[in-house]
Amino acid sequence: VLNFGPEDTHLVTVLAWDDEGNSAYREYEVKFKGSSDGDSIGFAYVVIDATTAGLGIIGEYEIEILQGDTAAKSLVAAADFMGLTIHYDGSTESGFYVRGVSGFGGVPEVPAELWECVLRDGLSLTGAPSGGLFSGDFTANSGWMYSIDGTLYPGKGLSAYNLSDGDTLY
């Protein structure tokens with residue numbers, strides 16, 4: 001039994017049999033106390049990685065996850081703790097889109113190997129960034145993306161995704 005939030009009881013029934021026709025039936029009562037909005041449900045790491053702009057990791061922070069918070073809300077809060085500003089459209093609850101990040105040191109410069117790929121692929125070039133790193137800097141196709149644990153690309157926006165205990169949001 002978990003000891004927080006509203007309590008709910010479920011009856012789980014199991015019927016199993018073997019290859020010889022023997023069977024067993026069991027019922028289990030499971031009590032669950034879930035989290036209420038605003039309850040702490042664990043911790044996640046937020047890593048802001050600007051390696052493709054030659055800056056490496058520009059911020060890392062472990063943030064407490066609250067029930068009901070979106071990954072977008074966690075990102076904005078973590079960035080604030082790191083002294084960074086997330087510039088975005090929409091809200092942390094709906095239609096969230098990262099337009100840029102500012103407040104870090106260093107000058108963005110695309111690594112030579114990546115720049116060769118940009119030129120080879122004929123991407124439409126734009127100016128170098130100033131005052132942060134924003135969508136459309138260097139090329140018209142540039143922008144911020146996110147992953148969970150470095151490999152999972154959830155296929156939905158940050159305002160539609162909820163972090164779990166132990167996740168790393170890149």
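Biologist: What pattern does the chain follow along the sequence?
Modeller: Reading along, you get β-β-β-β-α-β-β-α-β-β, with helices (H or I, at least four residues) and strands (E, at least two) taken as DSSP runs and numbered from the N terminus. This is a predicted model, where local features need pLDDT of at least 70, side-chain atom pairs count only at pLDDT 80 or more, and totals for chains, interfaces and linings use all residues. Residues are numbered from 1 along each chain as its sequence is written, and side-chain values use heavy atoms, leaving out hydrogens and water.

Biologist: Is the chain spread out or a compact globule?
Modeller: Spread out: its radius of gyration is 23 Å, well over the 15 Å that the globule rule gives for 170 residues, so the chain is more spread out than a compact globule. That radius is over C-alpha atoms, and the rule is 2.2 Å times the number of residues to the power 0.38.

Biologist: And what box do the C-alpha atoms fill?
Modeller: Roughly 70 × 40 × 25 Å along the principal axes.

Biologist: How much of the chain is buried?
Modeller: Buried residues are 29% of the 170, buried being under 20% relative accessible area with a 1.4 Å probe, protein chains only.

Biologist: Switching to sheets, what is the order in the open three-stranded one?
Modeller: S5-S6-S7, paired antiparallel. Strand S5 (85-89) and strand S7 (133-134) are the edges with a single partner strand each, so one side of each has no neighbour in the sheet.

Biologist: How many bridges join S6 and S7?
Modeller: Two, for S6 (residues 97-102) with S7; pairing takes at least two DSSP bridges between the strands.

Biologist: Which residue stands opposite Phe 134?
Modeller: Gly 100 does, with Phe 134 in S7.

How values were computed. Buried means under 20% relative accessible area, exposed over 50%, partly exposed in between (1.4 Å probe, protein chains only).
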